[in-house]
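The following exercises concern side-chain contacts and solvent exposure. Work through each task with the sequence and coordinates at hand before reading the solution.

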Amino acid sequence: MVQYNFKKITVVPNGKEFIDIILSRTQRQTPTVVHKGYSISRLRQFYMRKVKYTQQNFHEKLSTIIEEFPRLDDIHPFYGDLLHVLYNKDHYKLALGQINTARNLISKIAKDYVKLLKYGDSLYRCKSLKVAALGRMCTVIKRIAPSLAYLEQIRQHMARLPSIDPNTRTILICGYPNVGKSSFINKITRADVDVQPYAFTTKSLFVGHTDYKYLRYQVIDTPGILDRPFEDRNIIEMCSITALAHLRAAVLFFLDISGSCGYSIAAQAALFHGIKSLFMNKPLIIVCNKTDLQPLEGISEEDMKLVMEMKAEAMKTVIGQGGDPLNDEGVLLTMSTLTEEGVVSVKNAACERLLDQRVELKMKSKKMNDCLNRFHVAVPKPRDQKERPPCIPQAVLEGMAKQQAAEKEKRKLERDLEEENGGAGVYSASLKKHYILNNDEWKEDIMPEILDGHNVYDFIDPDVLQRLEELEREEGLRAEEEDDDFEMDGKELTPEEQEALAEIRKKKSLLIQQHRIRKSTAESRPTVPRKFDKEKKFTSERMGRQLSALGLDPTLAINRARSKSRGRKRERSLGRGGNDGDDVMDMDVDQPNKKLRARSRSLSRSRSMSRPPGEVVAGEGFKDSAQKVRALKLAKKSVKKRNKDARRGEADRVIPTLKPKHLFSGKRSIGKTSRR
């Protein structure tokens, strides 16, 4: 039995990768060091070896590609035609022919340049010949790069083809698209073919396997075929035609009698008569599918006549195999893949007819005569007229009777109950039916929920939902009344009430503003840039007037605003200068003279005074200056060792080179070693 495993074909590299692989191997596997002082014979041998080795590698790689790809003339006609349908055998043979030509060209190039290298008279001449030889070989590979890419695509596609054995027991399913072929193969095998409610869901051949009478059968699901001329059929349909033409199989022609596939019975009958020449010498069964939607007896007379004509054609295959022309059992079958009615009978009928045909063919072959000569079947003959019935011991008969009685009284398992009541996911097993109670009617009673010693059900009001609805309705009415009361217009109020309402609203808005002012920090408050304050609205004088009107002292606020405007983040120290800076502090922020502003800034800088290190600032957490000085000393002492070791911080765990080699290696010259 020939097995075709296209998954074992070696990957075909593209042109650039091919060259890189071979040249890299040449560089690694041959000597690389040569000197001009070598004798000329040694130089010639060095470069001749490189040229020969490169040619051998190219030859091996290309030969592997040619040998591993199947030859269409040598393989089974089914695979030959299938590859022709998928890839066009002319292009396929042309690509392999170009690979073979390249292999011969590379061999010829190597032979010519080895001959020239024998007469090389210098290192330069030999090297130039080697470069030229390898360059020409690589050029040949570059020219066949499209063929290599094409063969790699074919290899990838062939690796995805199903593994079909053309000689084993095969059941072939064919028919129009969307008639239930894939659903049938999913039911009788473990194949998982995609099933969708539209045509041409299956676009290639799918294979599943099933068992019948301890024999393995392969089931092939073919794509749908349309009733049109042979030349107009596409690649998907041609896959089905190829399988029908070349595989010795039992053919199941599926017929959708409900018409839900989108094609009438007349169109399906026309397809049947169009391809009936492919059914010759094969067991043929007409399968009427989707009987759950339309029974066979309910179709019209014209459709029934077409079905009977198809049945008559199928009977011809039975007669051709030497069958009984009056026995039409197993020729026209009905089935529904949705309800699984008739699925097993269709499978059994197809397997039985295929098995009968294969046995008959083997009986007619010449090998059978050779086998029969080796067998002798002994048939016993009666020696007298005495009856000798089969003797079965009494103990065995009693055991068989007990076994039959036990089977009748067999207890129903949960699995049996599950299958009777809808299967897994529908049936839910009862855990209470095995409770041992005085009364079996109590088993399915609802168990009371006890909380704090009380039965929860005693506190449940049966009318709670009705009362809840009444409460919600009442609450909605009250909310509507409150909304009506709350929406106040000025029209219904007296003048005094309107004034009071205006005062309340005003006070409310003021409270909101004050809350927003308190909420925002000083940094987040917007400052108006000077270039936008062209009308001089935001001045310190105006701020002073407003603060005075509120009864506040504006002096500190004005001084702070002026210090901010001078761009100093730190406060001015008043210790050293006394009151020398008063004339500067009195100047307004808005003074236009730049020189005055610059002078005031320089004076304030000169009078600034830094804080001594021991001075305690509020919030630092020290009791007095002595404690702060002591803490600073301890901190300085703790980092002394780290600084000495040139550590970046506490986490720096680097281990330096204790004796750097450039300072401690080599002979010491005359003189001092301190510089080392």
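**Exercise 1. Classify arginine 478 by exposure, then describe the salt bridge that it forms.**

Solution. The model is predicted.
Step 1. The relative accessibility of arginine 478 is 52%, so this residue counts as exposed, the cut-off for that class being over 50%.
Step 2. The salt-bridge partner of arginine 478 is glutamate 474, with 3.2 Å between the closest N and O atoms.
Step 3. Helix α15 (residues 464–486) holds both arginine 478 and glutamate 474, which are 4 residues apart, about one turn of the helix.
Step 4. Glutamate 474 has a relative accessible area of 37% and is therefore partly exposed.
Step 5. A further case involves shared partners: Lys276, Glu313 and Lys316 are joined into one network by salt bridges.

**Exercise 2. Determine which parts of the chain are tied together by the salt bridge of lysine 93 and aspartate 73.**

Solution.
Step 1. The count for the structure comes to 18 salt bridges.
Step 2. One of them joins the side chains of lysine 93 and aspartate 73, at 3.6 Å from N to O.
Step 3. Because lysine 93 belongs to helix α4 (residues 89–117) and aspartate 73 to the loop between α2 and α3, the pair ties together parts 20 residues apart in sequence.
Step 4. Lysine 93 is partly exposed at a relative accessible area of 39%, whereas aspartate 73 is exposed at 63% relative accessibility.

**Exercise 3. Locate the two partners of the salt bridge between lysine 213 and glutamate 352.**

Solution.
Step 1. The side chains of lysine 213 and glutamate 352 meet at 3.1 Å, N to O.
Step 2. This pair links distant parts of the chain, 139 residues apart: lysine 213 is in the loop between β2 (206–212) and β3 (215–221), and glutamate 352 is in helix α11.
Step 3. With a relative accessible area of 24%, glutamate 352 is partly exposed.
Step 4. Helix α11 (residues 343–364) also contains leucine 354, which is buried with a relative accessible area of 0%.
Step 5. The C-alpha atoms of leucine 354 and alanine 250 are separated by 5.6 Å, although these residues are 104 residues apart along the chain.

**Exercise 4. Decide whether the ring pair of phenylalanine 6 and tyrosine 79 is stacked or edge-to-face.**

Solution.
Step 1. The whole structure contains 11 aromatic pairs.
Step 2. For phenylalanine 6 and tyrosine 79, the centres are 5.3 Å apart and the planes meet at 90 degrees, an edge-to-face arrangement.
Step 3. The pair links distant parts of the chain, 73 residues apart: phenylalanine 6 precedes α1 (15–29), and tyrosine 79 lies in helix α3 (residues 77–87).
Step 4. Phenylalanine 6 and tyrosine 79 are both buried.
Step 5. By contrast, the ring planes of phenylalanine 18 and phenylalanine 58 are at 10 degrees with centres 5.9 Å apart, so that pair is stacked.
Step 6. Phenylalanine 18 in helix α1 and phenylalanine 58 in helix α2 (residues 40–68) are 40 residues apart, and both are buried.

**Exercise 5. State how many disulfides are found, and compare the exposure of cysteine 126 and cysteine 391.**

Solution.
Step 1. The search of the whole structure finds 0 disulfides.
Step 2. Cysteine 126 is buried, as its relative accessible area is 0%.
Step 3. Cysteine 391 counts as exposed, as its relative accessibility is 76%.

Methods. Residues numbered from 1 in each chain as written. Predicted model: local features only at pLDDT ≥ 70, side-chain atom pairs only at ≥ 80, totals over all residues. Heavy atoms only, no water. Phe/Tyr/Trp six-rings, centres within 6.5 Å; stacked < 30°, edge-to-face > 60°. Helix = DSSP H or I, 4+ residues; strand = E, 2+ residues; numbered from the N terminus. Buried < 20%, exposed > 50% of the residue type's maximum accessible area, 1.4 Å probe, protein only. Disulfide = S-S within 2.5 Å. Salt bridge = Lys/Arg side-chain N within 4 Å of Asp/Glu carboxyl O.
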